Structure formats: structure tokens, C-alpha cells
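Me: Please take a close look at one part of this model: the ligand site. Then add what you can on helix packing and backbone geometry.

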Amino acid sequence: MQMHRRDWLRLAASAAMGAVSSPAGFAAEKNSALTITRVKITPIALPDPPLLAASGCHGPYFLRNIVELHTDAGIVGIGETKGGQRRTEALEKAKKLVIGQNAFAYRSFANAVTAIDPAAYAGLELACLDACGKATGRRLCELLGGPVRESVEFAAYLFYRYAADHPTLLADKRIVDQRGKGDRALDDWGEVRSPEAMVKMADRFRKQWGFRVMKLKAGVLPPDVEWETLKAMNDHFKGQLPLRIDPNARWTLATALRIGKKLRNVNLEYYEDPVRGQETMAQVRKTLRLPMSTNMCVTRFSHVPSALKIEPIDVVLGDHHGWGGITAFQELGRICQTVGWKLGQHSNNHAGITMAAMIHVGAVTPHLTLASDTHYPWLIQGADIIEGDNLPIKDGHMQVPKGAGIGVKLDKEKLARAHETYQKCGMRERDDARTMRMLVPDWKRTLY
Ligand code: GKR
Ligand code: MG
């Protein structure tokens with residue numbers, strides 16, 4: 001089926017009107033062992049605007065894998081995790097280890113599944129927790145000992161980008177929906193590749209969603225232009241909003257030090273991954289004495305011991321998909337609290353199940369006090385695979401969903417459509433460099 005923005009909006013509206021919220025009355029199943037009988041993995045592709053990062057330009061779709069975990073009680077738990085064919089294969093392999101197990105015993109297969117792929121475990125654990133929540137009438141955050149907060153703060157995630165109806169990008173053969181020019185464009189943000197345009201975008205993010213914290217995705221334009229952008233944002237908000245800048249390790253040590261010195265002149269919350277590797281990050285941190293954060297040089301538990309010695313960071317940006325599930329994220333929280341690191345959440349493109357999961361992560365991790373990253377504002381309204389509208393963001397915060405388990409419901413029609421898109425578009429792994437080369441044929445991820 002071919003869709004464009006208006007169709008997505010219409011479908012979302014009718015799904016919302018037809019949504020029936022069923023109470024958590026699962027008394028009959030309460031005594032069930034909640035044995036996992038079947039697991040369905042559905043790879044999907046959702047529309048993605050041309051956002052720019054050190055990796056290049058986002059392609060026409062981003063990929064995710066959706067988990068439906070069936071139990072003998074008739075309860076189905078849902079999960080979402082990273083996308084791409086390799087992940088689908090890992091999930092297919094992992095599901096063989098969980099069928100026949102009790103959903104409440106999700107930690108009993110954690111090591112075996114994490115050894116295949118932490119992101120596969122994260123998707124399956126989430127689906128187990130959703131099933132357990134539905135079986136007991138408890139929200140996920142309640143199952144995991146919370147909530148410590150009902151409202152979780154997120155940051156504005158600001159990307160330089162091309163207009164959604166850039167003619168070269170619209171000619172991409174992988175596009176299988178009816179997006180086009182003008183009001184048929186995926187979105188109306190237009191091109192944002194200058195400090196002035198970024199200030200306008202930041203202002204609109206603040207007005208539309210109330211974000212208090214602003215993160216600039218850097219590693220795209222020449223570093224001095226990115227510095228000018230951050231400074232213009234700081235001036236625009238009169239130095240009152242905390243700022244972050246993330247070049248995704250596309251800067252040399254010399255550039256990171258040169259730009260880093262200027263960062264002292266703005267309301268900087270932290271300097272995120274300007275350079276690659278713990279040693280180089282530590283050099284930047286020791287020279288500049290700025291707070292440094294990462295989702296690149298400390299991304300798994302085995303990276304912690306060397307980070308304690310080398311001291312490259314002050315902040316870990318965890319991701320429950322990469323660290324091996326929400327329960328692993330809670331453990332990460334305790335480690336960060338113990339060693340004196342602050343904790344935030346990293347994000348890649350995701351749909352509403354992950355969005356809800358990230359809110360629950362915030363609700364069950366006391367030490368998670370920084371505003372989390374999320375790509376969710378970039379998800380086209382009506383394109384999500386959950387029932388109803390995209391989850392609301394107000395005053396930069398999102399509320400823990402009210403229903404049992406994760407608290408959001410899978411919309412089967414939208415899921416089928418997103419799977420059909422995955423089958424037709426031919427994209428099987430993220431490849432931002434390929435899209436970037438459509439615009440700049442000799443583009444390479446060289447260092448600045
Ligand atoms: O979506 O282009 C992007 C981001 O750059 C993402 O891939 C990064 O993983 O958000 C991430 C980050 O904070 O480094
Ligand atoms: Mg980052």
C-alpha cells in the first residue's frame with residue numbers, strides 16, 4: 001500500500017477513534033505459568049526525514065524489529081528493538097531459546113540471549129515484561145519496583161537536515177510511499193544547514209514541545225559553523241537553556257580542543273563524544289575540564305573498568321537496547337551512582353513501543369536525572385505502529401503510560417503496512433553514507 005503524510009494522518013485519526021481501552025482484568029490468567037508458546041518477529045520500515053549526522057544522511061526509512069510474544073494464558077506481550085536484517089536473524093535465533101520458558105523468568109535466559117545479541121534480549125525482555133504486566137494488571141514500571149517518577153524529561157534532538165522534498169532525495173528508488181513535493185512532503189521543516197535555520201528549528205521545538213534542554217547533532221558542517229550555531233542558540237535563549245553538542249567522534253583531538261575552549265562561553269551541559277576512544281576522550285576532558293558524555297566509548301559493561309582508570313567521561317548515555325534490556329539499564333544506573341557518573345538515555349530512530357519503554361526506563365531508574373535523548377519528534381504523525389496518535393510530549397516531559405505492561409497497544413494494520421514497506425523498499429541495514437553520496441557523490445566520513 002502506498003501512503004503519504006495525509007493518509008498517515010487520516011489513518012491515525014481513525015485508529016484513535018476506534019481504540020477501545022480494555023481494563024487490566026486478567027484475574028482468570030493470574031495463576032498461569034505464563035509459558036511462552038510462540039514469538040513473532042516483524043521487521044518494519046518507517047518513514048525517516050533526511051537528518052544529517054557524522055554517518056551521513058538518514059535514508060528514506062528507518063528499520064526496527066517488533067516482537068509479539070504469545071503465552072499459554074492468551075496474553076501477548078509486545079516489544080521493539082533495533083532494526084535491520086542481522087537483528088531479525090538474531091531475534092529468530094534467540095526466540096528458540098525462550099519458547100517454552102516462563103515469561104516471568106525473563107532473567108533466566110538473559111545471558112544466553114544476550115550472548116547472541118543484547119538488542120535481541122532487550123526486545124524479548126520488553127515483550128516478557130509487557131506480558132507479565134498484562135497478566136498482573138501492573139504497569140511495567142511497577143513490576144520493576146517503581147515508579148520513582150511519573151513524568152520523564154526529554155531533550156530537543158536538533159539535526160541539521162535537508163528539506164524532506166529535496167528533488168534528489170525524492171528520486172531515491174527505495175521510496176515506496178507517495179511522499180512528494182509541498183504538502184505531500186514528509187514534513188515541513190525545510191532545509192536546516194545554517195546557524196540561523198537551526199535557531200528557528202530550536203525555537204519551534206521549544207514552542208511545540210516545551211523542551212528545556214537542547215542537543216545539537218554536530219559532526220556535519222565545518223566545526224566553526226557548528227560552534228556558531230551553538231552560540232546563536234545560546235544567544236537566542238539568553239543563556240538560560242542547557243546545551244549539548246555531539247559530533248559523534250568526527251573531530252580530531254586538535255579540533256575538539258579548539259572548539260572545546262569556546263564552549264566555556266555558552267551554557268553547556270556536556271560535551272558529547274567529540275573524539276573517538278576512551279584515551280582521546282580523556283585527553284579532551286583533562287585539558288578542558290568540561291563535563292564529557294558518551295554513547296560511543298562506554299557502551300557495555302565490559303567498558304566500565306578501563307573507563308574508571310582512564311577517566312574519559314562524566315556522563316553515560318545508556319540505551320536499554322544496547323546495554324541488554326531495561327533490567328540491565330537499572331544495573332547501569334546503580335554503577336553510575338556508585339562511581340559518580342551522571343546518567344542519560346541515548347536514542348536512535350524508534351517507534352512508540354520503544355518510546356513507552358524509554359519512559360518506563362526513566363520511571364524505574366532513580367539515578368536517571370538528565371533529560372533523555374529521543375528521536376520521537378521526528379516520527380511522522382500517524383506513522384507510528386501503536387494505536388492512536390503519537391505519544392504526547394508536553395513541557396519537554398512524557399508521562400508514564402497508564403495501561404498494564406508497557407501501556408501502549410500495537411495497531412495491527414499499521415504494523416502490516418510498515419512490514420510491507422520493509423519488504424518493498426529493499427533496505428536491510430542502516431546506510432547513511434549511501435544516502436549522503438546521492439547528494440555529495442565523493443562524500444566520506446573524514447575527520448574535521
Ligand atoms: O540518528 O543520526 C542519528 C544519530 O547520530 C544517532 O545515530 C546516534 O547514535 O543519536 C546518536 C548519538 O547520540 O550519538
Ligand atoms: Mg551521541
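Reply: The ligand site comes first, then a helix pair, then two backbone details.

This is a predicted model: local features need pLDDT of at least 70, side-chain atom pairs count only at pLDDT 80 or more, and totals for chains, interfaces and linings use all residues. Residues are numbered from 1 along each chain as its sequence is written, chains are lettered from A and ligands numbered from 1 in the order written, and side-chain values use heavy atoms, without hydrogens and water.

Ligand 1 has 15 residues around it, each with a heavy atom within 4 Å. His58, Tyr157, Asn248, Asn348 and His375 come nearest. By class, the shell has 3 nonpolar, 7 polar and 5 charged residues. Here Ala, Val, Leu, Ile, Met, Phe, Trp, Tyr, Cys and Pro count as nonpolar, Asp, Glu, Lys and Arg as charged, and the others, Gly among them, as polar. Strand 7 (156-159) and strand 8 (214-217) each supply at least two residues of this shell. Strands are DSSP runs of E, at least two residues; helices are runs of H or I, at least four; both are numbered from the N terminus.

Polar side-chain atoms approach oxygen atoms of ligand 1. For His58 the distance is 2.7 Å. For Asn248 it is 2.7 Å. For His346, an N or O atom of the side chain is 2.8 Å away. The protein covers 93% of the 340 Å² of accessible area that ligand 1 has on its own (Shrake-Rupley method, 1.4 Å probe).

Now the helix pair. The axes of helix 13 (residues 326-339) and helix 14 (residues 352-364) come within 10 Å and cross at roughly 35°. Axes are lines fitted to C-alpha atoms over the stretch in contact, with angles from 0 to 180 degrees between N-to-C directions. Ile326, Phe329 and Gln330 of helix 13 meet Ala357, Val361 and Val364 of helix 14 (heavy atoms within 4.5 Å). These residues divide into 5 nonpolar, 1 polar and no charged.

Last, the backbone. Gly146 and Pro147 are joined by a cis peptide bond, with omega about 0°. Pro147 sits in the loop between helix 5 (140-143) and strand 6 (151-153).

Notes. Polar contact = N/O pair within 3.5 Å; in protein donor to acceptor, adjacent residues only side chain to side chain.
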